[in-house]
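Dear colleague,

Please find below the structure that I am handing over to you. After it I set out what was found, with each technical term explained where it comes up.

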Amino acid sequence: MQSRGVVRSSAALCAMRSCVLLLFIHMSAPMEARKVRGGRAQTRRVQQQQLQTPAYRERVEGAAESFPLDFTAVEGNMDNFMVQIKNLAQSLYPCSAQKLDQDMKLHFLKNVSVTCNDGSPAGYYIKESKGSKRWLLFLEGGWYCFNRQTCDSRYEAMRRLMSSTKWPPTRTGTGILSPQPEENPHWWNANMVFIPYCSSDVWSGATPKTEQSDYAFMGSLIIKEVVNELLTKGLDNAKVLLLAGSSAGGTGVLLNVDQVAEQMESQGHRGVQVRGLADSGWFLDNKQYKFTDCLDTISCAPTEAIKRGIRYWGGLVPESCRQAHVGEEWNCFFGYKVYPTLKSPVFVVQWLFDEAQLTVDNIHLTGQPVHEGQWRYIQSLGQELRSTLRDVPAMFAPACLSHELITRSYWMDIQVKGTSLPRALHCWDRSLQDINNNTTINGSHGNHNHQKHKTPPMRGCPLHLIDSCPWPHCNPSCPTIRDQLTGQEMSVIQFLKHMGFDVQKMAQQQGMDPRKLLGMLSNGN
């Protein structure tokens with residue numbers, strides 16, 4: 001009897017703490033908002049008048065999307081505010097037999113006919129966030145294979161990218177998939193979905209495994225089936241669906257974002273705003289530095305690999321792009337060609353000196369200094385990428401030598417012109433909300449995809465962010481460079497000299513004093 005009484009009193013204490021926490025959370029936003037927005041107490045009559053205004057209704061509806069806090073009211077000191085909230089929440093952990101579970105859990109698709117390459121069931125990882133109306137679906141990357149030989153080699157070396165048989169039961173989200181507000185300030189409380197890449201087709205295929213074919217290529221169908229299942233888990237009530245991806249997953253976003261938008265609309269969910277976030281998937285169909293025969297995935301020229309792959313996969317491309325490139329649908333796998341044909345708004349994240357692009361162009365930075373011809377090619381690649389992104393209104397392109405960004409734990413540290421990627425995405429999100437609110441007030445509904453190229457930048461909230469400096473890692477916020485042989489960190493000057501950069505010659509070409517150029521490099525300008 002005594003132990004039962006202790007349990008009851010402990011439960012009562014936990015319940016009381018929970019009530020205090022909930023009360024604090026619900027009250028803190030209005031209190032902070034009053035402090036920040038003028039400091040004067042509002043009368044009941046003014047508050048009642050405000051209840052009737054569209055702005056108030058918009059604020060209330062927006063708050064229901066994720067968490068009942070007005071974060072804009074404390075944006076100036078967000079880190080400290082969130083630490084206090086988190087500390088208070090953690091004080092409740094002893095009330096539970098287990099800590100708060102923030103990992104994404106594996107679910108195999110109920111439709112067993114949609115499979116990975118080897119016929120094993122496809123699936124997804126999910127961490128639901130009850131009360132949030134924002135959903136983030138992430139497409140994993142990992143190259144591709146384009147014929148029997150390259151797929152057999154891939155199956156031996158990278159089986160997890162072709163089969164689900166050894167997938168772990170949970171995954172921990174990082175970067176934009178992180179549930180920690182310190183690492184992911186604007187999307188931490190969204191419903192997170194990670195879709196593993198096991199189709200090797202750049203998320204384009206719709207071909208099942210048969211007796212005649214050794215592999216299934218069903219990337220496009222996997223996305224469609226995941227969306228169908230998520231509609232039963234709350235996606236049908238979403239306000240925003242962000243389809244994101246890195247590398248091959250980034251290209252997969254460009255190939256599938258309009259399909260997802262059409263899928264939602266055809267099933268009656270016109271109120272869901274479908275958007276895309278393509279990271280490191282904006283590849284060029286340029287001429288290789290050194291031509292090689294198409295023997296494997298790494299050395300094969302991008303155009304030739306995709307031409308072979310799209311036939312082998314039975315690959316699908318967006319209908320509007322297909323019509324623009326009839327008979328040459330392979331063009332739609334290259335960002336600068338497919339992007340103008342898309343209806344859905346897409347934010348592009350792309351390193352100007354992408355390591356995967358350099359690899360397929362046969363520039364291999366394997367610890368040996370590059371030759372002058374390779375150095376010129378690398379610079380030219382940056383210029384070419386920059387030119388293809390010129391007309392993309394929402395983008396983030398640092399002059400760094402790297403690959404993939406949005407799921408990296410350091411993704412908040414990279415800046416272009418003083419703006420971080422999370423901040424730029426937040427600005428983009430707000431600009432699209434403004435467009436949606438304006439068109440809704442005018443009596444229109446749906447995805448408002450026709451507004452893709454008309455996103456107005458807000459003051460102090462830039463969306464088109466691209467480095468203008470011409471060398472790899474000339475941006476001081478670029479990720480740390482390490483010598484591939486010793487593993488030691490390298491300064492920008494050490495890195496450039498390692499790559500064969502001639503300070504005297506480059507200064508002469510730029511028409512400046514070598515000492516001034518060295519100073520610019522040291523400061524990352």
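**Serine 431 and its helix**

The side chain of S431 reaches the backbone oxygen of W428 at 2.7 Å. This is a polar contact, meaning a pair of N or O atoms within 3.5 Å; within protein, one must be able to donate a hydrogen and the other to accept it, and residues adjacent in sequence count only if both atoms are side-chain atoms. S431 lies in helix α13 (residues 421-441). Helices (H or I, at least four residues) and strands (E, at least two) are DSSP runs, numbered from the N terminus. S431 counts as buried because its relative accessibility is 2%. Buried means under 20% relative accessible area, exposed over 50%, and partly exposed in between (1.4 Å probe, protein chains only).

**How to read the model**

This is a predicted model, in which local features need pLDDT of at least 70 and side-chain atom pairs count only at pLDDT 80 or more, whereas totals for chains, interfaces and linings use all residues. Residues are numbered from 1 along each chain as its sequence is written, and side-chain values use heavy atoms, with hydrogens and water left out.

**The whole protein**

The protein has 16 helices and 16 strands. Of its 525 residues, 50% are buried. Contact means heavy atoms within 4.5 Å. Among the contacts with a separation of 6 or more, 76% are between residues 24 or more positions apart.

**The sheet**

An open sheet of mixed pairing is formed by 10 strands, in the order β4-β1-β2-β5-β3-β6-β7-β8-β10-β14. The edges are β4 (170-171) and β14 (464-466); each has a single partner strand, so one side of each has no neighbour in the sheet. Two strands pair if DSSP finds at least two bridges between them. Strands β8 (residues 346-349) and β10 (residues 395-397) are parallel and pair over 2 bridges, and V348 has M395 in β10 as its bridge partner.

Strand β6 (residues 240-246) also runs parallel to β7, and 7 bridges join them. One of the bridge partners is D279 in β7, which is matched with S246. How many residues of β7 are buried? The count is 7 of the 7, so β7 is largely enclosed by the rest of the structure. In a regular strand the side chains alternate between the two faces of the sheet. In β7, Q273, R275, L277 and D279 point one way, V274, G276 and A278 point the other way, and all are buried.

**Two helices**

Helix α6 (residues 219-230) packs on the sheet and touches β1 (104-108), β2 (123-127), β3 (134-139) and β5 (191-195). The direction of α6 makes about 40 degrees with that of β2; axes are lines fitted to C-alpha atoms, for helices over the stretch in contact, and angles run from 0 to 180 degrees between N-to-C directions. In α6, 9 of the 12 residues are buried, so this helix is largely enclosed by the rest of the structure. Its buried residues include I222, I223, V226 and V227, and what covers the buried residues of α6 includes β1, β2, β3, β5 and α7.

Helix α7 (residues 248-266) has 19 residues, which should span 27 Å at 1.5 Å a residue, and its end C-alpha atoms are indeed 27 Å apart. The expected span is 1.5 Å times one less than the number of residues. There is nevertheless a kink of about 45 degrees in α7, centred on N256. The bend at a residue is the angle between axes fitted to the seven residues ending there and the seven starting there. Helix α7 is mostly covered, with 15 of its 19 residues buried. Just after α7, G268 takes a positive phi of about 90 degrees.

**Residues in loops**

Most residues other than glycine have a negative phi, and most peptide bonds are trans. S200, in the loop between β5 and α6, has a positive phi near 55 degrees. S200 counts as buried because its relative accessibility is 0%. E404, in the loop between β11 (401-402) and β12 (415-416), has a positive phi of about 70 degrees. At 16% relative accessibility, E404 also counts as buried.

D285 is in the loop between β7 (273-279) and α8 (302-313). Which residues does the side chain of D285 meet in polar contacts? They include Y336, at 2.6 Å, and K337, at 2.7 Å, through the side chains of both.

Yours sincerely
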